[in-house]
Amino acid sequence: MVKSINQIRDDFPILSQRVNDERLVYLDNAATTQRPTSVLNQVLSFYQTDNANVHRGVHTLAERATSDYEAAREKVRKFIHATDTAEVIFTKGCTDSLNLVAATYGEQNVSAGDEIVISIMEHHSNLIPWQQLAKKKGATLKYIGLTPDGQLDMADAANKITDRTKIVALTHASNVMGTVTPLKEVAKLAHQHGAVLVGDGAQAVPHMQVNMQELDVDFYAFSGHKMLAPTGIGVLYGKRELLDRMPPYQYGGEMIGTVTEQDSTWAPLPYKFEAGTQNIAGAIGLGAAIDYLNTIGIKQVATREQELVKLVLPELLAIDGLTVYGPQEPERHTGVISFNLGNLHPHDLATALDMEGVAVRAGHHCAQPLMNYLGLEATARASFYFYNTNEDAKRLVDALKEAKEFFRIGTI
Ligand code: C6P
């Protein structure tokens, strides 16, 4: 890492504040990350100097705004190793990207009797669009189960994906258990049966190197706000030959070729899928976030998170009365760790941790079928990012031990 951890933390002023009289320990990065000053400045500078609508005007500001917006698209393309910027569509976020695929490709290609296959660990954003599509079309929605340690059960995947399968939709990394799925192998399996694979990269792109060509996924969705960028901007990657054949998602300005009173033609990719005025500042902010991640190096980001997990996971597993869900080996984990402390409700636990300045999320994490599968109502979840320190990991462990003592859980 070129920058020291102190230099990195200086880039994120929000992290230096005190909460409940303690230095903030921000461990809710799976929900949303913080933004470095460079991203905030880029957005501010866009509004202060270049703001105009894109692809519409010929005046200087409009040309500057358009060139900034398209430069951001190129940064995304390079970051995810897509071949062509035509395959990079700006959306509102991961949820929007997944809904786009269901409403266009899904609507066009799924019929009664077909199958859609997802996994039981999907976030609702990669579940409900397929569930509702299946209901509408009279198709069957099938779920791939998990191994006892929370990994995708590949034997079950091989059983569930059949010649009737039209779409396989799978998270690349679980937002609950920190499991990474073998997306490339599942893509191969899907393709053998003539199905497409939709990858949900919300918890992967910010944390590890992803390569669209290597993974050979057909579609891939992610959000900017989980990777240092503003909210309200996301990406859908899609293979060009598929996107070309798909109908538009929404109709309106800028997505058209020509419009007559009774008919319309569509703009070329990616604009066919970008109807109306887009989140221009958000896209530019995403470009700045990618610049920042590149200065750290995405491989170093992954290495740093792995160091933190190696430090914290054994400590958590050693707390009597604390249960960690999913893989128990650090090497099989992203920086997302879910747990419960005895019978304490996770909301009470999260509140106790907040009193110590430690921010974690508690609840079902928008994965109710997974909670059901695990026999749980909810969990507490700590999620690390590269700007977290070893001291942050220690503060989590100490705060959990204090909560355990306070609520008299397990042996004290
Ligand atoms: N998960 C979490 O705390 P949006 O909300 O569109 O940016 O991302 C949706 C989404 C899709 N897939 C996965 C795997 C996700 O983790 C998320 C967002 C957050 O876990 C908010 S619920």
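Reader: In this predicted model, which residue has the backbone oxygen that the side chain of T33 reaches?

Author: T33 sits in the loop that runs between β3 (25–26) and α2 (37–50), and with a relative accessibility of 0% it counts as buried. From that place its side chain comes to 3.0 Å from a backbone oxygen. The residue that carries this oxygen is H225.

Reader: H225 makes me curious about the ligand; how many residues surround the ligand, and which are the closest?

Author: The shell can be described by class, with five nonpolar, eight polar and four charged residues. In number, 17 residues surround the ligand. The closest of them are T95, D200, S223, H225 and R361.

Reader: From which domains does the shell around the ligand draw at least three residues each?

Author: The shell takes residues from two parts of the protein, one of which is made of two separate stretches of the chain, 5–31 and 298–406, while the other covers 41–294. At least three residues come from each of these parts. They are domain 1 (5–31 + 298–406) and domain 2 (41–294).

Reader: What is the distance between a polar side-chain atom of R361 and an oxygen atom of the ligand, and what is the distance for a nitrogen atom of the ligand and D200?

Author: Both R361 and D200 are listed with the residues closest to the ligand. D200 places a polar side-chain atom 2.6 Å from a nitrogen atom of the ligand. For R361, the partner is an oxygen atom of the ligand, and the distance is 2.5 Å.

Reader: How much of the accessible area of the ligand does the protein cover?

Author: A further contact to the ligand involves R381, whose side chain has an N or O atom 2.8 Å from an oxygen atom of the ligand. On its own, the ligand has 510 Å² of accessible area. The part of this area that the protein covers is 87%.

Reader: Turning to the whole protein, why can it be called as compact as a globular protein of its length?

Author: The protein has 14 helices and 17 strands. For 412 residues the globule rule gives 22 Å, and the protein is as compact as a globular protein of that length because its own radius of gyration is close to this value. That radius of gyration is 22 Å.

Reader: What share of the 412 residues counts as buried?

Author: Along its principal axes, the C-alpha trace spans about 75 × 55 × 30 Å. A residue counts as buried when its relative accessible area is under 20%. Of the 412 residues, the share that counts as buried is 57%.

Reader: Is F79 buried or exposed?

Author: F79 belongs to helix α3, which covers residues 60–80, and its C-alpha lies 9.0 Å from that of V205, although 126 residues separate the two in sequence. The relative accessible area of F79 is 10%, and the limit for the buried class is under 20%. F79 is therefore buried.

Reader: Which peptide bond is cis, with omega near 0 degrees?

Author: Most peptide bonds are trans. The bond in question leads into P270, a residue in the loop between β12 (264–266) and α10 (280–296). The cis bond is the one from L269 to P270.

Reader: In the loop between β1 and β2, where D21 is found, is D21 buried or exposed?

Author: Most residues other than glycine have a negative phi. In this loop, N20 has a positive phi of about 50 degrees and is partly exposed at 39% relative accessibility, while D21 has a positive phi near 70 degrees. The relative accessibility of D21 is 64%, so D21 counts as exposed.

Reader: What distance separates the C-alpha atoms of P369 and S119?

Author: P369 is placed in helix α13, residues 368–374, and counts as partly exposed at 25% relative accessibility. In sequence, P369 and S119 are 250 residues apart. In space, their C-alpha atoms are separated by 9.9 Å.

Conventions: Residues are numbered from 1 along each chain as its sequence is written. This is a predicted model: local features need pLDDT of at least 70, side-chain atom pairs count only at pLDDT 80 or more; totals for chains, interfaces and linings use all residues. Side-chain values use heavy atoms; hydrogens and water are left out. A residue is near a molecule or strand if one of its heavy atoms lies within 4 Å of it. A polar contact is a pair of N or O atoms within 3.5 Å; within protein, one must be able to donate a hydrogen and the other to accept it, and residues adjacent in sequence count only if both atoms are side-chain atoms. Accessible areas come from the Shrake-Rupley method with a 1.4 Å probe; for residues, only the protein chains shown count as cover. Ala, Val, Leu, Ile, Met, Phe, Trp, Tyr, Cys and Pro count as nonpolar, Asp, Glu, Lys and Arg as charged, and the others, Gly among them, as polar. Domain bounds come from an automatic or database domain assignment. Helices (H or I, at least four residues) and strands (E, at least two) are DSSP runs, numbered from the N terminus. The radius of gyration is taken over C-alpha atoms; the globule rule is 2.2 Å times the number of residues to the power 0.38. Buried means under 20% relative accessible area, exposed over 50%, partly exposed in between (1.4 Å probe, protein chains only).
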